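Q: I am a first-year student, and I would like to take a close look at one part of this protein before I try to follow its wider surroundings. Please start from a single residue and then work outward in connected steps.

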Amino acid sequence: MLRASADRLQNKTRLITRRMFMLAGVKLAVFFCIIARLFYLQVSENIKYRSLSDKNRLREWKVPPQRGIIEDFFGEKIASNTQLFQLHMIPEEVPNLEGLLFRLSRLINLSSRQKAVLLKKIKQRKPWEPIIISDNLTWSEFAKLNLFLHEIQGIKPVVAVTRKYSQDGSSSHLVGYVSDVSRADLENSKFLREIHVPGLKTGKTGLEKSLNESIVGKPGFQRYEVNAYGKRVKEVKFIKGTIGKNFKTTLDMDVQRFSSKLIKNKSGSICVMDIYTGDIIAMVSSPTFDANKFVHGIAYADWQNLISNANKPLMNKSIAGLYPPGSTIKPIVALSALENDVVSPNTIVECKGEIELYGHKYHCWKEKGHGFLKLRNAIKQSCDIYFYETARKLGVDRLAITSKKFGLGSKVFDILDEERTGLVPTTKWKLKNIGKGWVIGETLLAGIGQGYFQATPIQLCLMTAQLANGGFKIKPRIID
């Protein structure tokens with residue numbers, strides 16, 4: 001009986017020992033697993049988790065870049081940058097938004113419309129992202145804000161830079177203007193989406209738009225340490241942005257301003273080109289506008305005045321205005337006729353003031369006519385009858401070939417989005433686009449630059465320049 005009791009005790013001891021050994025093994029395995037996991041997290045994945053930690057601890061804000069400068073050929077600034085005063089706000093730091101807006105309305109010019117726009121922006125942004133309340137404070141407003149800054153939470157007066165253009169407006173159409181980045185701009189431009197930051201301006205028209213990616217520069221970065229709620233604690237690092245590329249144009253601003261004065265209060269265009277190099281010395285469209293008004297958002301009244309003006313001041317007539325070339329095309333008609341042996345310099349035509357063709361009369365600008373004329377004198381007198389007859393013999397298709405050689409019917413530049421191509425009509429063009437055959441009367445009208453002919457002033461300038469230099473082809477340019 002004692003022996004049986006001893007055996008049971010011994011078996012129980014062995015069982016307990018075996019279980020303790022298994023438990024110790026499990027503990028040891030768990031311990032090694034924990035050590036292995038810690039090694040994996042602390043050593044193998046050190047870089048990954050340190051980066052995640054930094055992302056939680058650090059935040060970066062982009063700083064708007066400074067645009068490059070646009071100059072004329074002699075270094076005079078056409079589009080430059082100037083100092084301005086802004087007011088920024090960080091919504092998360094504002095305890096009472098309504099109270100803040102009420103207080104600000106007493107210190108700066110803050111209309112109810114601006115308040116509505118501001119509230120809309122706040123709803124669309126993250127609470128720690130800065131929002132620009134005003135980007136064009138006066139010195140008086142800026143001074144007031146700094147005086148009462150200790151009493152107002154969540155705002156920060158900032159000294160920044162903005163675009164500045166020539167006040168006379170002589171180059172507004174060519175240089176264009178910048179304004180706030182719109183939703184459409186972001187949707188249409190991958191470049192803007194990558195660098196977008198509150199306060200960024202983008203080119204809307206002219207060279208400002210065409211050169212935007214090079215001239216806009218690269219944004220800087222402000223790195224801040226933040227707390228668990230994303231609130232900024234202190235600035236850790238500031239990386240200055242890259243200033244945009246400067247551009248030198250071929251313009252001479254003295255000639256540009258003089259040309260602008262010549263057609264002031266008129267609707268028209270003046271283009272001046274070097275006949276050997278193709279450099280644009282001046283390119284003016286009238287009436288013009290003040291590009292500075294668009295930088296901070298144009299006032300409603302000013303915008304209505306511009307779009308309701310019958311003379312279309314927003315249109316760059318030099319490159320986007322399509323007009324019948326009129327008598328300016330007569331030298332091209334003469335040249336084409338000479339090249340195709342239709343006439344000679346001694347060909348004589350009698351001008352009686354009108355001619356009749358198939359029962360329809362075509363008149364000369366001189367009612368009683370010019371009498372008998374040779375080619376040179378016909379160009380000198382701009383005789384319509386001579387060129388009616390010349391065009392009739394030449395035909396519109398051969399005239400079109402010569403016209404296109406001299407730049408009509410195609411864009412002159414490759415950097416201005418607003419430029420239009422114009423139209424040099426042919427028999428095939430009319431059949432394809434209008435569905436009717438060409439008639440001889442239309443050839444007569446084409447001979448004096450009327451009918452379907454459409455050209456921009458810059459195309460006519462190029463045509464004339466190539467005639468003046470002896471027929472040598474040139475490639476016009478605006479950027480030096």
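Where is the place of V197, and between which elements does it fall?

A: V197 sits in the loop that runs between α8 (190-195) and β7 (201-203), where helices (H or I, at least four residues) and strands (E, at least two) are DSSP runs numbered from the N terminus. This is a predicted model, in which local features need pLDDT of at least 70 and side-chain atom pairs count only at pLDDT 80 or more, whereas totals for chains, interfaces and linings use all residues. Residues are numbered from 1 along each chain as its sequence is written, and side-chain values use heavy atoms, with hydrogens and water left out.

With a relative accessible area of 4%, V197 is buried (buried means under 20%, exposed over 50% and partly exposed in between, with a 1.4 Å probe and protein chains only). If you look for V181, you will find that its C-alpha atom and that of V197 are separated by 9.2 Å, while the two residues are 16 apart along the chain.

Following the chain onward from this loop, you pass through β7 and come to K204, which lies in the loop between β7 and α9 (206-210). K204 forms a salt bridge with D185, and the closest N and O atoms of the pair are 2.4 Å apart (a salt bridge is a side-chain nitrogen of Lys or Arg within 4 Å of a carboxyl oxygen of Asp or Glu). Because D185 belongs to helix α7 (residues 183-188) while K204 is in the loop after β7, the pair ties together parts that are 19 residues apart in sequence. The two partners can also be described by their accessibility: D185 counts as buried at 19%, whereas K204 is partly exposed at 22%.

The structure holds 15 salt bridges, and two others are worth following from here. D417 forms a salt bridge with K209, the closest N and O atoms being 3.8 Å apart. Here D417 lies in the loop between α18 (396-405) and α19 (427-433) and K209 in helix α9, so this bridge ties together parts that are 208 residues apart in sequence. K209 itself, at 39% relative accessibility, counts as partly exposed.

The other bridge joins D480 to K248, with 3.7 Å between the closest N and O atoms. D480 is found in the segment after α21 (457-468) and K248 in strand β10 (residues 247-248), so parts that are 232 residues apart in sequence are tied together by the pair. Both residues are partly exposed, with D480 at 39% relative accessibility and K248 at 33%. This pair should not be read in isolation, however, since K248, D279, R477 and D480 are linked in a network of salt bridges.

Some details of the backbone come next. A cis peptide bond, with omega of about 0°, joins S286 and P287, and P287 lies in the loop between β12 (280-286) and α12 (292-295). Further along, K312 has a positive phi of about 50° although it is not a glycine, and you can find K312 in the loop between α13 (300-308) and α14 (317-320). D341 is another residue other than glycine with a positive phi, here near 55°. The place of D341 is the loop between α15 and β13 (349-351), and D341 counts as exposed, with a relative accessibility of 70%.

The helix before that loop, α15, leads to the last part of the picture. Two packed helices are described by the angle between their axes and the distance between the axes; here axes are lines fitted to C-alpha atoms, for helices over the stretch in contact, and angles run from 0 to 180 degrees between N-to-C directions. Helix α15 (residues 330-339) packs against helix α17 (residues 384-394) at an angle of about 40°, with their axes 10 Å apart. That makes α15 oblique to α17 (under 35 degrees counts as roughly parallel, over 145 as roughly antiparallel, 65 to 115 as roughly perpendicular and the rest as oblique). The axes of α15 and α18 come within 9 Å and cross at roughly 115°. That makes α15 roughly perpendicular to α18. Helix α18 also brings you back to the salt bridges, because D417, the partner of K209, lies in the loop between α18 and α19.
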